[in-house]
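Trainee: Could you take me slowly through one part of this model, the place where several helices pack against one another, and tell me what each of them contributes?

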Amino acid sequence: MIEGKTLRSDLQHLSRALRTLHKALLDVETQYFGNVGGALEHLQLVTSHPHFAWLQKLSGVISSLDECLDDEEALVVDLERRFRAEVEGLVGPLPATDEDFRLRYNAMLHDSPEVAMAHGALRKVLAQLPAAPRD
């Protein structure tokens with residue numbers, strides 16, 4: 001079962017790296033947006049305002065990953081490849097699966113040192129995961 005433990009550990013590292021990146025992106029988008037009021041108002045904006053809608057792609061990946069981590073039977077070997085490909089389709093280097101996300105993400109990557117550092121940490125985690133086979 002060492003493989004299962006390694007798989008779980010790798011996916012947990014990925015989840016943490018994605019959450020750190022997501023928080024950095026939210027922080028920058030919140031600064032761009034302006035005063036949001038309290039925590040509840042902020043949550044409502046993040047989940048329903050068009051200004052933050054592009055981040056829902058990344059939120060969805062995190063949610064799917066966490067669901068798999070909660071379900072022992074969902075932890076299969078190809079899961080690492082699947083999530084690596086899904087994340088790399090959003091943030092690179094794979095071709096963009098969502099052009100709008102990639103454009104906004106790249107702009108933030110250049111504008112925010114926090115996003116750049118979180119991106120670097122994510123890349124290190126992704127490099128530890130198996131890549132999808134190239135055609």
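Mentor: The crossing of H4 and H6 is left-handed, and in this predicted model the axes of helix H4, residues 78–91, and helix H6, residues 113–127, come within 11 Å and cross at roughly 150 degrees. An angle over 145 degrees counts as roughly antiparallel, and H4 and H6 are therefore roughly antiparallel to each other. On the H4 side the contact is made by Arg 84, Val 87, Glu 88 and Val 91, and these meet His 119, Leu 122, Arg 123, Leu 126 and Ala 127 of H6. Sorted by class, that contact holds five nonpolar residues, one polar residue and three charged residues.

An α-helix has 3.6 residues a turn, so residues three or four places apart point the same way. With that in mind, the H4 residues that meet H6 can be read again as Arg 84, Val 87, Glu 88 and Val 91. Each of these four also appears among the buried residues of H4, which are Leu 79, Glu 80, Phe 83, Arg 84, Val 87, Glu 88, Gly 89, Leu 90 and Val 91. As for the length of H4, its 14 residues should span 20 Å at 1.5 Å a residue, and its end C-alpha atoms are 20 Å apart, which agrees.

On the H6 side, Leu 122 deserves a closer look. Leu 122 lies in helix H6 and, with a relative accessibility of 0%, counts as buried. Leaving aside neighbours within four places in sequence, Leu 122 is in contact with Val 87 and Val 91, and also with Leu 14, Ala 17, Leu 18 and Leu 21. For one of these partners, Leu 18, the separation between its C-alpha atom and that of Leu 122 is 6.7 Å, although the two residues are 104 residues apart along the chain.

The end of H4 leads on to the next helix. H4 is followed by Gly 92, whose phi is positive, near 100 degrees. Most residues other than glycine have a negative phi, and most peptide bonds are trans. The bond that joins Gly 92 and Pro 93 is a cis peptide bond, with an omega of about 10 degrees, and Pro 93 lies in the loop between H4 and H5.

Beyond that loop, H4 and H5 pack at an angle of about 70 degrees, with their axes 7 Å apart. That makes H4 roughly perpendicular to H5, and the contact is formed by Glu 88, Gly 89, Leu 90 and Val 91 of H4 together with Phe 101, Arg 102 and Tyr 105 of H5. By class, this contact of H4 with H5 has four nonpolar residues, one polar residue and two charged residues. Glu 88 and Val 91, listed here as H4 residues that touch H5, are also listed among the H4 residues that meet H6.

The third pairing joins H5 to H6. Helix H5, residues 99–111, packs with H6 at an angle of about 110 degrees, and their axes are 5 Å apart. H5 and H6 are therefore roughly perpendicular to each other. Here Tyr 105, Met 108, Leu 109 and Asp 111 of H5 meet Pro 113, Val 115, Ala 116 and His 119 of H6, a contact that by class has six nonpolar residues, one polar residue and one charged residue. Tyr 105, one of the H5 residues in this contact, is also one of those that touch H4, and His 119 of H6 takes part in the contact with H5 as well as in the contact with H4.

Two residues in other helices can be set beside this picture. Asp 66, in helix H3, residues 56–70, is buried, with a relative accessible area of 17%. Not counting residues up to four places away in sequence, Asp 66 touches Ser 15 and Arg 19, and the C-alpha atoms of Asp 66 and Ser 15 are separated by 7.2 Å. Val 46, in helix H2, residues 39–48, is likewise buried, with a relative accessible area of 17%, and its contacts outside its neighbours within four places in sequence are Leu 26, Phe 52 and Gln 56.

How values were computed
Residues are numbered from 1 along each chain as its sequence is written. This is a predicted model: local features need pLDDT of at least 70, side-chain atom pairs count only at pLDDT 80 or more; totals for chains, interfaces and linings use all residues. Side-chain values use heavy atoms; hydrogens and water are left out. Axes are lines fitted to C-alpha atoms, for helices over the stretch in contact, and angles run from 0 to 180 degrees between N-to-C directions. Helices (H or I, at least four residues) and strands (E, at least two) are DSSP runs, numbered from the N terminus. Angles under 35 degrees count as roughly parallel, over 145 as roughly antiparallel, 65 to 115 as roughly perpendicular and the rest as oblique. A crossing is left-handed if the near helix is turned anticlockwise from the far one by less than a right angle, and right-handed if clockwise. Contact means heavy atoms within 4.5 Å. Ala, Val, Leu, Ile, Met, Phe, Trp, Tyr, Cys and Pro count as nonpolar, Asp, Glu, Lys and Arg as charged, and the others, Gly among them, as polar. The expected span of a helix is 1.5 Å times one less than its number of residues. Buried means under 20% relative accessible area, exposed over 50%, partly exposed in between (1.4 Å probe, protein chains only).
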